[in-house]
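Q: Please take a close look at one part of this model. I want the pairing there, what surrounds it, and what packs against it.

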Amino acid sequence: MTDLRDVVARQRFEQGFTDADGQTRTVFADYAIQGNTRVILHVEADPALRGSGAAGTFMQALAEHARAEGLKLAPRCSYAVVWLKRHSEYDDIAA
């Protein structure tokens, strides 16, 4: 697994995970900027990672990053909405 990175030029958070064949694959979230809020527009895992828990691990890393940077997350993507609802320990970063 790689560290979460904010690719500002693409307005995308990315993180790499190793699939069952040992290859690094990406989970990403596209976002829009509204002040100190990141509007999460879309979360997607490489098909080789689906069902592995990588997207959930990515969302946790994203939430921890937001907390550390003083950011809020406003999910619009259905996956991100459900993930944040299920993880009330991150209510402080939800916008």
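**A close look at strand 2**

A: Strand 2 and strand 3 are antiparallel partners, joined over seven bridges. This is a predicted model. Strand 2 covers residues 12-18, and strand 3 covers 24-34. Thr-18 has Thr-24 of strand 3 as its bridge partner. The two strands make a hairpin, with five residues between them. In that turn, Gly-22 has a positive phi of about 85°.

Now the other neighbour. Strand 1 also pairs with strand 2 in the antiparallel sense, here over three bridges. Val-7 is matched with Arg-12 of strand 2 as its bridge partner. Strand 1 and strand 2 form a hairpin too, with four residues between the strands. Gln-11 in that hairpin takes a positive phi near 50°.

Next, the sheet around it. The sheet is open and has five strands, in the order 1-2-3-4-5, with mixed pairing. Its edge strands are strand 1 (5-7) and strand 5 (72-75), and each of these pairs on one side only. From one strand to the next, the twist averages 35°. The parallel sense appears between strand 4 (residues 37-45) and strand 5, over four bridges. There, Thr-37 stands opposite Lys-72 of strand 5.

Is strand 2 enclosed or open to the outside? Six of its seven residues are buried, so strand 2 is largely enclosed by the rest of the structure. Buried here means under 20% relative accessible area.

What lies across strand 2? Helix 1, residues 54-69, does, and it runs at about 135° to strand 2. Helix 1 also lies across strand 3, strand 4 and strand 5. Helix 2 (residues 78-86) lies across strand 4 and strand 5, at about 125° to strand 5.

One residue shows the packing in detail. Phe-58 touches Phe-13, Glu-14, Gln-15 and Phe-17, among others. Its further contacts include Leu-4, Val-27, Phe-28, Ala-29 and Val-43. Residues up to four places away in sequence are not counted.

Phe-58 also belongs to the largest nonpolar core, which has 24 residues. Along with Ile-40, Val-43 and Leu-62, Phe-58 has the most contacts inside this core. Strand 2 supplies at least two residues of the core, as do strand 3, strand 4, helix 1 and helix 2. Helix 1 gives the most, with six residues.

To sum up: strand 2 pairs with strand 1 and with strand 3, and helix 1 lies across it.

Notes. Residues numbered from 1 in each chain as written. Predicted model: local features only at pLDDT ≥ 70, side-chain atom pairs only at ≥ 80, totals over all residues. Heavy atoms only, no water. Pairing = 2+ DSSP bridges. Axes fitted to C-alpha atoms, helices over the stretch in contact; angles between N-to-C directions. Contact = heavy atoms within 4.5 Å. Buried < 20%, exposed > 50% of the residue type's maximum accessible area, 1.4 Å probe, protein only. Core = buried A, V, L, I, M, F, W, Y, C linked by side-chain atoms within 4.5 Å.
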